[in-house]
Amino acid sequence: MFCPSCGFRNSEGAGFCARCGSTLLADSPDAQTTISYLPTSEEGEELSPERVTPEVPTLVMRSGGSHAGETYPLTAARTSIGRHPAADIFLDDVTVSRNHAVIERSEGGFVIVDEGSLNGTYVNRVRTERHTLVDGDELQVGKYKLTFIVP
């Protein structure tokens with residue numbers, strides 16, 4: 001299966017391009033089109049990363065269906081992300097592995113580690129196995145996009 005964005009050859013059944021992170025699902029005839037947008041406040045104003053001011057390092061869901069706008073404060077030493085119901089950040093979608101990734105607190109800050117997921121973990125549109133997060137990094141886990149924000 002070739003990526004429509006960059007032309008990279010991906011394994012059959014992959015949901016996202018291993019090189020650029022673009023979705024590969026649009027090639028199937030029954031694929032759905034989704035619209036991504038910034039979540040809005042109760043008054044209908046768009047929420048941007050600058051408008052979210054957490055007290056602790058936090059992940060903010062930017063797109064991903066009904067999860068858009070949700071915040072996940074990173075207060076534990078280890079935060080699991082996945083489709084497993086026991087995950088700290090539970091993302092119920094087939095594009096997410098049961099134990100997809102974990103965010104670990106370290107002396108240097110926070111590190112995201114892919115747990116051998118099928119579709120991969122992306123930081124700033126680059127597939128990664130391990131990455132030290134900095135303020136403003138965009139994470140992609142399956143179809144979900146989150147922004148890492150440091151107060």
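This briefing walks through the salt bridges of this chain and the surroundings of T95. The model is predicted, so please read every contact below as a computed one. The count comes to 3 salt bridges. R78, E104 and E115 are linked in a network of such bridges, while K143 forms a salt bridge with D93. D93 also has a polar contact with T95.

**The network around R78**

- R78 and E104 form a salt bridge in which the closest N and O atoms are 3.0 Å apart.
- R78 lies in strand β3 (residues 78-82) and E104 in strand β5, so this pair ties together parts that are 26 residues apart in sequence.
- E115 forms a salt bridge with R78 as well, and here the closest N and O atoms are 3.8 Å apart.
- That second pair links distant parts of the chain, with E115 in the loop between β6 (109-114) and β7 (121-123) and R78 in strand β3, 37 residues apart.
- How exposed are the members of this network? R78 counts as partly exposed because its relative accessibility is 45%.
- E104 has a relative accessible area of 25%, so it is partly exposed.
- E115, with a relative accessible area of 38%, is partly exposed too.

**The K143 and D93 pair**

- K143 forms a salt bridge with D93, and the closest N and O atoms of the two are 3.5 Å apart.
- This pair also links distant parts of the chain: K143 sits in the loop between β10 (138-141) and β11 (144-149), D93 in the loop between β4 and β5, and their positions lie 50 residues apart in the numbering.
- Are the two partners buried or exposed? K143 is partly exposed, with a relative accessible area of 37%, whereas D93 is buried, with a relative accessible area of 17%.
- D93 falls in the buried class because 17% is under the 20% cut-off.

**T95 and its contact with D93**

- T95 lies in the loop between β4 (89-90) and β5 (101-106), and D93 is in the loop between β4 and β5 as well.
- Which residue does the side chain of T95 contact? A polar contact of 2.6 Å joins the side chains of T95 and D93.
- T95 counts as buried because its relative accessibility is 9%.
- D93 therefore takes part in two contacts described here: the salt bridge with K143 and, with buried D93 as partner, the polar contact of T95.

**A general point**

- Side chains of opposite charge can pair when their charged atoms come close.

Conventions:
Residues numbered from 1 in each chain as written. Predicted model: local features only at pLDDT ≥ 70, side-chain atom pairs only at ≥ 80, totals over all residues. Heavy atoms only, no water. Helix = DSSP H or I, 4+ residues; strand = E, 2+ residues; numbered from the N terminus. Buried < 20%, exposed > 50% of the residue type's maximum accessible area, 1.4 Å probe, protein only. Polar contact = N/O pair within 3.5 Å; in protein donor to acceptor, adjacent residues only side chain to side chain. Salt bridge = Lys/Arg side-chain N within 4 Å of Asp/Glu carboxyl O.
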